[in-house]
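Q: I have a structure open on my screen and would like to talk through its side chains and helices. Can we go step by step?

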Amino acid sequence: MDLTFQQIRDIAFGAVRAVVLEDGIHFYKCTEKQIAAWQAQSDFLGDGSRCTTGVRLDFHTNSQSFGFTPATGGRFEIYVDGVLRRQLRAEAGKREEMVLCDALGNQNRSYRVTLVFPSHSHGVISALRLDDGATFVPHEHDMRLLFIGDSITQGWAASYDSFSYAWRTTRHFNADSVIQGIGGAYYHESTFDVPDFEPDAVILAYGTNDFSHYKSLVEMHGHVAAYLDLVREAWGKKQVFVITPIWRDKRDGKSMGSFEDCRALVASEAKKRGYTVIDGLSLVPPLAVFFEDEYLHPNNEGFSLYAENLVAVLEKHLKK
C-alpha cells in the first residue's frame, strides 16, 4: 500500500515545514524567512538552506517490506532497528525496494525503520510503500534538540550523512532534532527565525566561517551580539549551548587577524547572555589525520570524537 502524503508527514521528523507539490512532498529544515535571508547572502547559502539535512522518516511497522520513490536524486540512508543497513544514491523516479529483516536476514514481527534524507541536497519523495494492511506508528523520542551551524554541523566530509556529529548526538539522546547546518554559514541576524519546533535545548556552532567572512573583529562582534540577542529572546528559558570554533589550520592571512580572538569573542558574548560555552578545541584533536581536508572538516573519525566529547558535556546538563 502507498501511504498518503499526510501519513508520510505524520512520521517525518527534522523538518520545520512540509509542502506538497506536483512531484511529491518537500521537507525543509529552515523556515521561509531563513531561506530568503540566506538566499540574500548568496546563492550558495540559499541552496544550502534548502538541503534536507537531518530530515528523516522514523516509524515502527509490522510490514515485512519497505519501498519509496524519490522525486529527486540524492544520497539516502536506511536504518532498521537503529542499525545502518543501506546507503543508496537514489535516482529520480526510480522505485527503491527493501525486504525488512535483521542483519543476518531473519525476519521479525516488527521493525523500526528510519529513512534518512540527503544532507547536501534537497531530497523529495513521491511515494512510500508498505505491505497491504500493515500498521505503522511514528517513533517516540525522549527530547527535542535544535542544532544551528555551518558545514561542520551539516556534516560535510562524512562518508555517511548520518555519521555527522549532530546526527550521532541525535541518536545518542533518542532526540527529535532539527539540524540547521548550512555550509559556509556564519552569524548574521537576518537569518534568525523561530521555527515551528519547540526545542528542549539549542546547540549553536558558528564561527569558523566568520573568521574568513568578516573583515574585522568589530564587524563580527556586531553580528554575533545581534544574533545571540535574538536567541535569548526566543529561547532565554531553554538550555542554550554555544560551541566555539573547533581547531582549524590555515589561520594566517585573514583580514580579521587572530583565530584565537575570533574564538574568544564567541565565548565572551555567549557567557554574557548566560549560555553554556563548550570549547571547540576540546572536541576534535588538533591533528590533520582527523580532518578529511586536513585543516577544517572532520572525517568519520573526527566526527566520532566530536560527538563523543560533545555528548559527555551535554550529559552533565540534559536529562536532569
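**Rings, charges and helices**

A: Let us begin with a charge and a ring: in this predicted model, the charged end of Arg17 sits over the ring of Tyr28, at 4.3 Å from its centre.

Q: And what about Lys250, which ring face does that one lie over?

A: Lys250 lies over the face of Tyr295, and the distance to the ring centre is 4.2 Å.

Q: Okay, on to ring pairs, how many aromatic pairs are there?

A: The count comes to 18 aromatic pairs. In one pair, Phe59 and Phe66, the ring centres are 6.2 Å apart and the planes meet at 50 degrees, so this pair is tilted.

Q: Are those two buried or exposed, starting with Phe59?

A: Phe59 has 0% relative accessibility and therefore counts as buried, and Phe66, at 1%, counts as buried too.

Q: Which residues do ring pairs link into a cluster?

A: The cluster consists of Phe27, Phe59, Phe66, Phe68, Phe76 and Phe117, linked by ring pairs.

Q: Switching to helices, at what angle do H7 and H8 pack?

A: H7, covering residues 217-235, packs against H8, covering residues 259-272, at an angle of about 30 degrees, and their axes are 10 Å apart. The two helices are therefore roughly parallel to each other, and H7 passes H8 in a right-handed crossing.

Q: Which residues meet there?

A: From H7, Leu217, Met220, His221, Val224, Ala225 and Leu228 meet Asp261, Cys262, Leu265, Val266, Glu269 and Ala270 of H8.

Definitions and conventions
Residues are numbered from 1 along each chain as its sequence is written. This is a predicted model: local features need pLDDT of at least 70, side-chain atom pairs count only at pLDDT 80 or more; totals for chains, interfaces and linings use all residues. Side-chain values use heavy atoms; hydrogens and water are left out. Rings of Phe, Tyr and Trp (its six-membered ring) pair if their centres lie within 6.5 Å; planes under 30 degrees apart count as stacked, over 60 as edge-to-face and the rest as tilted. Buried means under 20% relative accessible area, exposed over 50%, partly exposed in between (1.4 Å probe, protein chains only). A charge sits over a ring if NZ of Lys or CZ of Arg is within 6 Å of the ring centre and within 35 degrees of the ring normal. Axes are lines fitted to C-alpha atoms, for helices over the stretch in contact, and angles run from 0 to 180 degrees between N-to-C directions. Helices (H or I, at least four residues) and strands (E, at least two) are DSSP runs, numbered from the N terminus. Angles under 35 degrees count as roughly parallel, over 145 as roughly antiparallel, 65 to 115 as roughly perpendicular and the rest as oblique. A crossing is left-handed if the near helix is turned anticlockwise from the far one by less than a right angle, and right-handed if clockwise. Contact means heavy atoms within 4.5 Å.
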